[in-house]
Amino acid sequence: MASDIGLSIETGTEIAVSSADVVLKNDNLMSIVKLFDISKKTLKIIKQNLFWAFFYNALMLPVAMGFFAPFGIQLSPHMASLAMILSSMFVVGNTLRLR
């Protein structure tokens, strides 16, 4: 049986600290509970970001390719780049909620 994550305390041996995936800065083992809480929140935000990125691209890619041009719906290159910037800013803003 193998572990999924290596955990060490900063005051441990150098080899334990260098091989660990996570290094606790203090000797308080309640930090492990915080670690699991942060990891759950991180995975939730990653899934949200992936969902919104796929949704946005599925919605905007046909518009950018000009499929809706016969209906008068077009994006200029300037507007398409602005839309892409807003998408990226949404992902960054959503990720900043981890703080």
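This passage looks at helix H3 and at a set of aromatic rings in a predicted model.

Start with the geometry of H3. The helix runs over residues 77–95, and at 1.5 Å a residue its 19 residues ought to cover 27 Å. The C-alpha atoms at its two ends sit 27 Å apart, so expectation and model agree. As for burial, Ala83, Ser87 and Asn94 are the buried residues of H3. Looking down the helix axis, these buried residues fall within an arc of 45°, so they line one face of H3. What they pack against is helix H2, residues 31–65. On the face turned away from the buried side, H3 carries the exposed residues Pro77, His78 and Met89.

Now for the rings. The count of aromatic pairs comes to four. One of them joins Phe51 and Trp52: the ring centres are 5.0 Å apart and the planes meet at 75°, and because planes over 60 degrees apart count as edge-to-face, this pair gets that label. Trp52 also pairs with Phe55, this time with centres 5.5 Å apart and planes at 90°, so that pair is edge-to-face too. Trp52 and Phe55 both belong to helix H2 and are three residues apart, which is about one turn of the helix.

None of these three side chains is labelled buried or exposed outright: Phe51 is partly exposed at 48% relative accessible area, Trp52 is partly exposed at 39%, and Phe55 is partly exposed at 43%. Taken together, Phe51, Trp52, Phe55 and Phe90 make up one aromatic cluster.

Key:
Residues are numbered from 1 along each chain as its sequence is written. This is a predicted model: local features need pLDDT of at least 70, side-chain atom pairs count only at pLDDT 80 or more; totals for chains, interfaces and linings use all residues. Side-chain values use heavy atoms; hydrogens and water are left out. Helices (H or I, at least four residues) and strands (E, at least two) are DSSP runs, numbered from the N terminus. The expected span of a helix is 1.5 Å times one less than its number of residues. Buried means under 20% relative accessible area, exposed over 50%, partly exposed in between (1.4 Å probe, protein chains only). The arc is that of the directions from the helix axis to the C-beta atoms. Contact means heavy atoms within 4.5 Å. Rings of Phe, Tyr and Trp (its six-membered ring) pair if their centres lie within 6.5 Å; planes under 30 degrees apart count as stacked, over 60 as edge-to-face and the rest as tilted.
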